[in-house]
Amino acid sequence: MKLKEFARQLGLSPTTVSRALSGYPEVSEKTRKRVAEEAVRLGYRPNINAVRLVTGRAGAIGVVMGRTGEFHFAEFMSGMAERLDGEDIDILVSPTTDRDSSDQVPLYSRLATSGRVDAVIVHSPKPNDERIALLHELGFPFLLHGRSETDVPHAWLDIDNEGAVRRATSHLLDLGHKRIAMINGPADRTFSLHRDKGYRDALQERGIPFDPRLVTHGHFTDELGFRFARSFLEQSPRPTAFVAGSMMTALGVYRAVRSRGLVVGRDISVIAHDDVFPYLTAENMVPSLSATRSSMRAAGARSADLVLQLLSGRPATEIHELWPVELILRESTGPAPEA
């Protein structure tokens, strides 16, 4: 069935039907619902190329993939794919070797002006991120996965990183730990600054002075986790607990603890941020890992949904979601060992 025939059966113009199926805000919700229901009943499916010609849209969302965080990225993309299934919208992945977000500005500029995508998702923002300023200046739709302190209005989805680390650190303090090391993310990213604040606030609430020798920053990899943890454990006195920035970091911490002849959960306690990987679960680590739970897959699905809302006309200033983070206690945390 062609568009004109389908529109004639509904008693509507082809333009109205096309706009209803494409989610344009000027079409009433009642009309959109009626058109969608009749499309299902009559088996009508619009020609994607024709829709893109009429709407001027590319039918794709852009995502930039860096050279680190592949596991997190894969889970995020899986969530996006699940949400976009059946939406006739593709995901365009642009790889980059640049770790610094400022170096990615030309790539985002090219994406926004290429006509190949209708919106982009920006990951791991800085407090004053050049990518946000660029996309706003270009008038190009985008969603921030994370938060920024810029005054530029933008849509964002984030988890409560500050609250998660404050709660994790407070739990270790409750167990009697006073020397708690934290392996955080890159120092210039907003989520790392939020986690740092949560860590410091928890210490301050208990009257324990902040020791900069117990905090380090870097990308979340097993190897860096191992190197950082080994360095901490060589201190005297050594830390009795770790807050690890990710599951991959925690793997490195576990290796470092064992390389020193120590036992996780008895000699050294570990809490990590758990991104709910299906192939690396906190429950199956030995010992099972205490963690703050946050699903990257769920974040990917919701980010795709929010981008669709942006493209349907919802103002960016209305899209601000902060997700709470749950702390799950398992075997990797225990009372501080006696001095």
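**Group meeting talk: a cavity and a serine**

Okay, let's start with the secondary structure: this chain has twelve helices and twelve strands. Keep in mind that what you see is a predicted model.

So, the overall picture. If you box in the C-alpha atoms along the principal axes, you get roughly 85 × 40 × 35 Å. The chain has 339 residues, and 52% of them count as buried. Its accessible surface comes to about 15,800 Å², with 51% of that belonging to carbon and sulfur atoms. And here's one about the fold: take the contacts between residues at least 6 apart in sequence, and 68% of those join residues at least 24 apart.

Now, the empty space inside. Rolling a probe the size of a water molecule over the atoms is how you find out where space is left. How many cavities of 30 Å³ or more does a search of the whole structure find? Two. I want to talk about the second largest cavity, which holds about 100 Å³ of space.

What's around it? There are 15 residues in the lining, and the ones nearest the centre are Val-165, Arg-195, Val-243, Ala-244 and His-273. By class, the lining breaks down into nine nonpolar residues, five polar ones and one charged one. If you want to find the place on screen, look for helix α8 at 161–174 and the strands β6 at 180–184, β8 at 241–244 and β9 at 269–274, since each of these supplies at least two lining residues. Which of the elements gives the most to this lining? That's α8, with four residues.

Let's stay on α8 and pick out one residue, Ser-170, which sits in that helix. Is Ser-170 buried or exposed? Its relative accessibility is 12%, and the cut-off for buried is under 20%, so Ser-170 counts as buried.

Who does Ser-170 meet, then? Skip the neighbours within four places in sequence, and Ser-170 is in contact with Ala-202, Glu-205 and Arg-206. Take Ala-202: along the sequence, Ser-170 and Ala-202 are 32 residues apart, yet in space their C-alpha atoms are 5.5 Å apart. Back on the sequence before Ser-170, there's also Arg-166: its backbone oxygen lies 2.8 Å from a polar atom of the Ser-170 side chain.

To wrap up, two things to look for when you open the model: the second largest cavity, with its 15 lining residues, and Ser-170 over in α8. That's me done, thanks!

Notes. Residues are numbered from 1 along each chain as its sequence is written. This is a predicted model: local features need pLDDT of at least 70, side-chain atom pairs count only at pLDDT 80 or more; totals for chains, interfaces and linings use all residues. Side-chain values use heavy atoms; hydrogens and water are left out. On a 1 Å grid over the protein atoms alone, a cavity is a set of points where a 1.4 Å probe fits but cannot get out, and a pocket is an open set with protein on both sides within 12 Å along at least five of seven lines; lining residues have an atom within 4 Å of a point. Grid points are joined across faces, edges and corners, and a volume is the space filled by probe spheres set on the points. Ala, Val, Leu, Ile, Met, Phe, Trp, Tyr, Cys and Pro count as nonpolar, Asp, Glu, Lys and Arg as charged, and the others, Gly among them, as polar. Buried means under 20% relative accessible area, exposed over 50%, partly exposed in between (1.4 Å probe, protein chains only). Contact means heavy atoms within 4.5 Å. A polar contact is a pair of N or O atoms within 3.5 Å; within protein, one must be able to donate a hydrogen and the other to accept it, and residues adjacent in sequence count only if both atoms are side-chain atoms. Accessible areas come from the Shrake-Rupley method with a 1.4 Å probe; for residues, only the protein chains shown count as cover.
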